[in-house]
Amino acid sequence: MIPITEIHPMLVHFPIVLWISAETIAVVILLRDGDLSARQQWPTVAFYSLLAGTAFAFIAALFGDIALDQAVAAGFAAGPMEIHETVAVITLSIFALHAVLRILAIWRRYPLTGIRGWLSEVPGLVGIAGLLVTAYLGGELVYHMGVNVAAAVH
């Protein structure tokens, strides 16, 4: 059976790939003067990638909280893990807001083209920056501190 602390690192790759894919597709759509809220192939792929990334991030956050508790119980310092957790929650919140705004635009058939489209992408682009910081901090925990990989050094 897979140890519960190993589920978080297994899941975190999904929001990373899905969110980066969603934002890359959205930027390409806007560069080609497209509509992010159109019911067409690529805007739909970007939308569902955004939703799936947000769902996976939520699940990864739940397992990350469990992994944090287990790491603290094993003797690892909570501080660096709590910084990673805080940045991750902020990033997840940004993408959740981004997803809700996109849902509203699609539901209301509000065109997201031109400047409106670019403004609607601001949360996603800020979210990508948060995602990169979160991933960096998570990598530091694993590769430099050995959190949930090696025994804590006292």
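Here is a walk through two helix pairs and two residues of this structure. Please keep in mind that the model is predicted.

Let us begin with a general point. Two packed helices are described by the angle between their axes and the distance between the axes. With that in hand, look at helix α3, residues 41-73, and helix α4, residues 78-107: their axes come within 9 Å and cross at roughly 160°. Angles over 145 degrees count as roughly antiparallel, so α3 is roughly antiparallel to α4. The crossing in which α3 passes α4 is left-handed.

What do the two helices bring to this contact? From α3 come residues including Phe47, Leu50, Leu51, Thr54, Phe58 and Asp65, while the α4 side has, among them, Met81, Glu85, Leu92, Phe95, Ala99 and Arg102. Sorted by character, the residues of the contact of α3 with α4 comprise 17 nonpolar, 2 polar and 4 charged.

Ala99, in helix α4, is a good place to zoom in. Is Ala99 buried or exposed? Its relative accessible area is 4%, and buried means under 20%, so Ala99 is buried. Once neighbours within four places in sequence are set aside, Ala99 is in contact with Leu50, Leu51 and Thr54; these three are among the α3 residues that meet α4. You can also pick out Gly53, which stands 46 residues from Ala99 along the chain, with 9.8 Å separating the two C-alpha atoms.

Staying in helix α4, turn to His84. With a relative accessible area of 14%, His84 also falls under the 20% cut-off, and therefore counts as buried. Which residues touch His84, leaving aside its neighbours within four places in sequence? They are His8, Thr134, Leu137, Gly138 and Leu141. For Thr134 there is an atomic detail to inspect: its backbone oxygen lies 3.1 Å from a polar atom of the His84 side chain.

Thr134 leads us on to helix α6, which spans residues 122-144. The axis of α6 and that of helix α2, residues 13-31, come within 10 Å and cross at roughly 150°. Again the angle is over 145 degrees, so α2 is roughly antiparallel to α6. This crossing, too, is left-handed.

To see the α2 and α6 contact in the viewer, select Ile16, Trp19, Ile20, Glu23 and Val27 in α2, together with Gly124, Leu125, Ile128, Leu131 and Ala135 in α6. The residues of this contact divide into 8 nonpolar, 1 polar and 1 charged.

Terms used:
Residues numbered from 1 in each chain as written. Predicted model: local features only at pLDDT ≥ 70, side-chain atom pairs only at ≥ 80, totals over all residues. Heavy atoms only, no water. Axes fitted to C-alpha atoms, helices over the stretch in contact; angles between N-to-C directions. Helix = DSSP H or I, 4+ residues; strand = E, 2+ residues; numbered from the N terminus. Parallel < 35°, antiparallel > 145°, perpendicular 65-115°, else oblique. Left-handed = near helix turned anticlockwise from the far one by under 90°. Contact = heavy atoms within 4.5 Å. Nonpolar A, V, L, I, M, F, W, Y, C, P; charged D, E, K, R; others polar. Buried < 20%, exposed > 50% of the residue type's maximum accessible area, 1.4 Å probe, protein only. Polar contact = N/O pair within 3.5 Å; in protein donor to acceptor, adjacent residues only side chain to side chain.
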